[in-house]
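Please read the following walk through this structure with the sequence and the 3D view side by side. The route goes from strand pairing to helix packing and ends at a single loop residue.

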Amino acid sequence: MTAVENDADVIVVGAGPGGSATAYHLARHGVRVLLLEKTEFPREKVCGDGLTPRAVRQLVRMGVDTSPEAGWLHNKGLRVIGGGVRLELDWPDLASFPNYGLVRTRLDFDDLLAQRAVAAGAKLRTSVNVMGPVLDADDRVIGVRAEVGPEKEPATFHAPLVVAADGVSGRFPLALGLAKREDRPIGVAVRRYYRSPAKHDDNYLESWLELRSKDSGDNLLPGYGWIFGLGDGRVNVGLGVLNSSSAFGKTNYRRLLTDWLANTPEDWGMTDETNAEGPILGAALPMGFNRVPHYTRGVLLVGDSGGMVNPFNGEGIAYAMESGELAAEVMVQALARPAGPERERALAAYPTELKARFGGYYRLGGIFVKLIGRPEIMRMATKHGMPHPTLMRFVLKLLANLTDPRGGDAMDRVINAMTKAAPAV
């Protein structure tokens with residue numbers, strides 16, 4: 001085989017939170033990283049824009065200034081609305097995670113993370129649309145084929161390892177034959193920005209477990225909703241529907257959003273189309289490891305590309321960044337070994353560790369998704385669970401995956417035992 005000159009030690013496809021975190025942690029260890037992004041920054045991304053303490057921890061690990069002075073809106077916890085009850089649950093005080101969440105639009109959030117990777121030493125190239133892998137004679141990935149710039153000039157980049165962090169579309173893993181698993185949970189979310197002086201600086205993330213339209217009477221609309229203040233006069237409002245719901249794939253989700261918002265107070269400003277900023281946009285939420293294996297033939301899957309959204313709460317950013325850091329740690333060790341069986345042994349640690357960290361938790365999440373897809377169970381759960389604050393604090397810890405792994409309180413020990421006992425997905 002003809003030897004090729006590598007453009008980098010690792011090519012990262014996609015400069016979202018997962019890709020940028022991977023590139024940052026690699027570059028910090030002196031690895032030559034090429035970070036390829038198909039768009040230009042700043043760029044729009046469909047997201048709730050809310051970050052739990054799990055995501056905040058990853059930002060801190062990347063050296064990001066999360067102070068209000070740096071443009072972040074802090075929140076104290078989650079306000080849950082359902083079953084006729086409105087409950088404010090503060091984020092738990094833990095050794096392992098900070099006790100605050102954040103909100104920031106993806107328009108500049110992703111740009112900020114990409115620049116952290118660049119500051120650490122990664123090379124970022126935008127307007128590079130990766131089309132597929134470059135394979136050697138043994139069918140191993142040794143680079144990527146791409147179209148560069150507005151002229152779509154063909155280009156090839158080489159590296160011994162490639163990270164697919166190209167989001168829910170997962171075009172790169174698809175080109176390797178890694179299709180989505182249909183037996184794992186998936187959701188669809190839509191969101192829109194509204195100008196809302198009444199809600200924009202809320203210090204709680206707001207989650208609606210029950211959605212009703214003006215004329216739905218006692219009938220619930222499918223899905224769950226959120227209202228997250230952005231602190232700049234606007235709110236991010238959206239809803240999600242899971243594939244365990246009979247409405248999944250058969251509903252006009254944009255109409256569903258406006259039907260729900262028509263039932264919110266007028267002074268919130270979400271019933272008036274003139275307050276809307278931009279269209280209603282939607283995206284899929286790939287959950288519970290719905291694309292595997294997470295390592296094969298020189299390619300590691302990170303974040304949404306590997307279906308790492310939390311089935312309990314739809315959170316993806318924290319898991320994208322966490323898997324990126326883990327992938328970086330594994331690759332640093334692998335690249336210190338000669339190519340061949342020794343390196344492969346090191347790379348095999350990535351899917352093993354992912355499974356150990358999240359496999360049992362995601363299994364529980366899959367059961368949860370099936371249960372809440374049934375309206376009668378959801379109605380009973382909100383009616384009987386919401387009036388009990390202690391139970392709801394336990395639920396918050398479980399849904400947000402916020403426990404101390406060692407020590408902690410009784411709730412932490414129960415949740416940790418549950419995730420260890422559950423067979424990994």
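V190 has L239 of β16 as its bridge partner. This pair belongs to a run of nine bridges that join β13 to β16, and the two strands are antiparallel. The model is a predicted one. β13 spans residues 186-195 and β16 spans residues 234-242. β13 also pairs with β17, again in the antiparallel sense, over eight bridges. Within that pairing, Y193 is bridged to E277 of β17. How much of β13 is buried? Nine of its 10 residues are, so β13 is largely enclosed by the rest of the structure.

These strands are part of an open sheet of seven, in the order β6-β5-β14-β15-β16-β13-β17, with mixed pairing. At its edges lie β6 (85-90) and β17 (276-286), each of which pairs on one side only. Direction ignored, neighbouring strands of the sheet are turned by 20° against each other on average. As background, strands of a sheet pair through backbone hydrogen bonds, either parallel or antiparallel.

Further along the order, β14 (residues 204-208) and β15 (residues 224-229) run antiparallel and are joined by three bridges. Here E206 stands opposite I227 of β15. At the β6 end of the sheet, β5 and β6 pair in the antiparallel sense over six bridges. G77 is placed opposite D90 of β6. β5 and β6 form a hairpin with two residues between the strands, and in this hairpin G83 takes a positive phi near 60°.

Which helices lie across these strands? Helix α5 (residues 253-261) lies across β13, β14, β15, β16 and β17, and runs at about 125° to β16. Helix α10 (residues 389-400) lies across β5 and β6, at about 55° to β6.

α10 also packs against helix α11 (residues 410-421), at an angle of about 45° and with the axes 10 Å apart. That angle makes α10 oblique to α11. The crossing of these two helices is right-handed. On the α10 side the contact is made by T390, R393, F394, K397 and L398, and on the α11 side by M411, D412, V414, I415 and M418. An α-helix has 3.6 residues a turn, so residues three or four places apart point the same way.

A second helix pair is formed by α6 and α8, which pack at an angle of about 150° with their axes 9 Å apart. Are the two roughly parallel or roughly antiparallel? The angle makes α6 roughly antiparallel to α8, because angles over 145 degrees count as roughly antiparallel. Their crossing, too, is right-handed. From α6 the contact residues are Y319, E322, S323, L326, A327 and V330. From α8 they are A349, Y350, E353, L354, R357, F358, Y361 and Y362.

α6, α8 and α10 come together in the surroundings of another helix, since they are included in what covers the buried residues of α2. Also included in that cover are β3 (50-51), β7 (101-103) and α3 (106-120). α2 itself spans residues 53-61, and its buried residues are P53, R54, A55, V56, Q58 and L59. Just after α2, G63 takes a positive phi of about 75°.

The UniProt annotation "domain: FAD-binding", from an unreviewed entry, covers residues 7-179. Over that stretch the chain is 24% helix and 33% strand. The C-alpha atoms at its two ends are 28 Å apart.

The last stop is T271, in the loop between α5 and β17. Is T271 buried, partly exposed or exposed? T271 has a relative accessible area of 39% and is therefore partly exposed, because this class lies between the cut-offs of 20% and 50%. Leaving aside residues up to four places away in sequence, T271 touches L261, A262, T264 and E266. Measuring from C-alpha to C-alpha, T271 and G121 are 47 Å apart in space, and they are 150 residues apart in sequence.

Technical notes
Residues numbered from 1 in each chain as written. Predicted model: local features only at pLDDT ≥ 70, side-chain atom pairs only at ≥ 80, totals over all residues. Heavy atoms only, no water. Pairing = 2+ DSSP bridges. Helix = DSSP H or I, 4+ residues; strand = E, 2+ residues; numbered from the N terminus. Axes fitted to C-alpha atoms, helices over the stretch in contact; angles between N-to-C directions. Contact = heavy atoms within 4.5 Å. Buried < 20%, exposed > 50% of the residue type's maximum accessible area, 1.4 Å probe, protein only. UniProt positions renumbered as here; feature names shortened; annotations may be inferred. Parallel < 35°, antiparallel > 145°, perpendicular 65-115°, else oblique. Left-handed = near helix turned anticlockwise from the far one by under 90°.
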